[in-house]
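The briefing below goes with the sequence and the coordinates shown here, and it is arranged by topic. Please keep the structure open while reading.

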Amino acid sequence: RGDSCIRVCTSYEWSEWTGTLYLGHVTTVSAVCVTEDGHVASGDEFGGVSIWKSDGSCRMMTASCPGAIQALLPYRLRDGRLVLLAGSSGGRLNVIDWDTATVLYGVDIRSLP
């Protein structure tokens with residue numbers, strides 16, 4: 001926005017003998033969007049979506065869509081809630097709740113008339 005830059009971290013890694021947890025993306029980021037008030041979301045080539053918090057942490061969704069995320073659009077509903085529209089190369093469009101990072105609705109756009 002204007003002369004400002006955004007910072008998106010590709011991944012943080014935490015490991016222990018119990019396994020590994022990745023925060024963010026583990027593959028190439030294919031889409032990024034920024035809301036009017038500066039919130040950031042990103043999608044990757046595996047269909048994962050991350051909604052980033054101001055402290056640098058994120059809410060992760062692993063493979064929310066089949067195929068690479070090609071489009072992200074923040075949208076405010078009539079009731080004031082912020083959602084994220086995520087479209088993928090696999091033909092899926094998901095409506096994701098911004099606060100909880102859960103899919104509210106999804107449709108295969110190839111099946112629409």
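Which residues make a nonpolar surface patch of about 240 Å²? In this predicted model, the patch is made by Leu93, Ile109 and Leu112. Apart from this patch, the points below take up the three salt bridges that the structure holds, the hairpin of E7 and E8, and a polar contact of threonine 35 with aspartate 37.

**The segment after strand E10**

- Isoleucine 109, one of the residues of the nonpolar patch, is placed in the segment after strand E10, which itself covers residues 103–108.
- Isoleucine 109 counts as partly exposed because its relative accessibility is 41%, a value that lies between the limits of 20% for buried and 50% for exposed.
- Serine 111 also has its place in the segment after E10, and with a relative accessible area of 56% serine 111 is exposed.
- A polar atom of the serine 111 side chain lies 2.7 Å from the backbone oxygen of aspartate 108.
- Between serine 111 and arginine 92 the C-alpha to C-alpha distance is 9.8 Å, while the two residues are 19 residues apart in sequence.
- Aspartate 108 also takes part in a salt bridge with arginine 110, in which the closest N and O atoms are 3.1 Å apart.
- The two partners of that salt bridge fall into separate accessibility classes, since arginine 110 counts as exposed at 60% relative accessibility, whereas aspartate 108 counts as partly exposed at 28%.

**The hairpin of E7 and E8**

- Strand E7, residues 69–76, and strand E8, residues 82–88, pair in the antiparallel sense, and seven bridges join them.
- Within this pairing, leucine 73 stands opposite leucine 85, the latter being in E8.
- In a regular strand, side chains alternate between the two faces of the sheet.
- The hairpin has five residues between its strands, and in this hairpin glycine 80 takes a positive phi near 95°.

**The salt-bridge network around arginine 81**

- Which residues are linked with Arg81 in a network of salt bridges? The network links Asp79, Arg81 and Asp97.
- Arginine 81 forms one of these salt bridges with aspartate 79, and here the closest N and O atoms are 3.0 Å apart.
- The side chain of arginine 81 also meets that of aspartate 97 in a salt bridge, with an N to O distance of 3.8 Å.
- This second pair links distant parts of the chain, for aspartate 97 belongs to strand E9 (residues 92–97) and arginine 81 to the loop between E7 and E8, with their positions 16 residues apart in the numbering.
- Is aspartate 97 buried or exposed? Aspartate 97 is buried, because its relative accessible area of 9% falls under the 20% limit.
- The other members of the network have their own accessibility classes: arginine 81 is partly exposed, with a relative accessible area of 37%, and aspartate 79 is exposed, with a relative accessible area of 53%.

**The loop between E3 and E4**

- Threonine 35 lies in the loop between strand E3 (29–34) and strand E4 (40–44).
- Although placed in a loop, threonine 35 counts as buried, because its relative accessibility is 5%.
- The side chain of threonine 35 makes a polar contact with the side chain of aspartate 37, at a distance of 2.4 Å.

Key. Residues are numbered from 1 along each chain as its sequence is written. This is a predicted model: local features need pLDDT of at least 70, side-chain atom pairs count only at pLDDT 80 or more; totals for chains, interfaces and linings use all residues. Side-chain values use heavy atoms; hydrogens and water are left out. Patches are made of residues with over 30% relative accessible area and no salt bridge: like charges are joined within 9 Å, nonpolar side chains (Val, Leu, Ile, Met, Phe, Trp, Tyr) within 5 Å. Accessible areas come from the Shrake-Rupley method with a 1.4 Å probe; for residues, only the protein chains shown count as cover. A salt bridge is a side-chain nitrogen of Lys or Arg within 4 Å of a carboxyl oxygen of Asp or Glu. Helices (H or I, at least four residues) and strands (E, at least two) are DSSP runs, numbered from the N terminus. Buried means under 20% relative accessible area, exposed over 50%, partly exposed in between (1.4 Å probe, protein chains only). Two strands pair if DSSP finds at least two bridges between them. A polar contact is a pair of N or O atoms within 3.5 Å; within protein, one must be able to donate a hydrogen and the other to accept it, and residues adjacent in sequence count only if both atoms are side-chain atoms.
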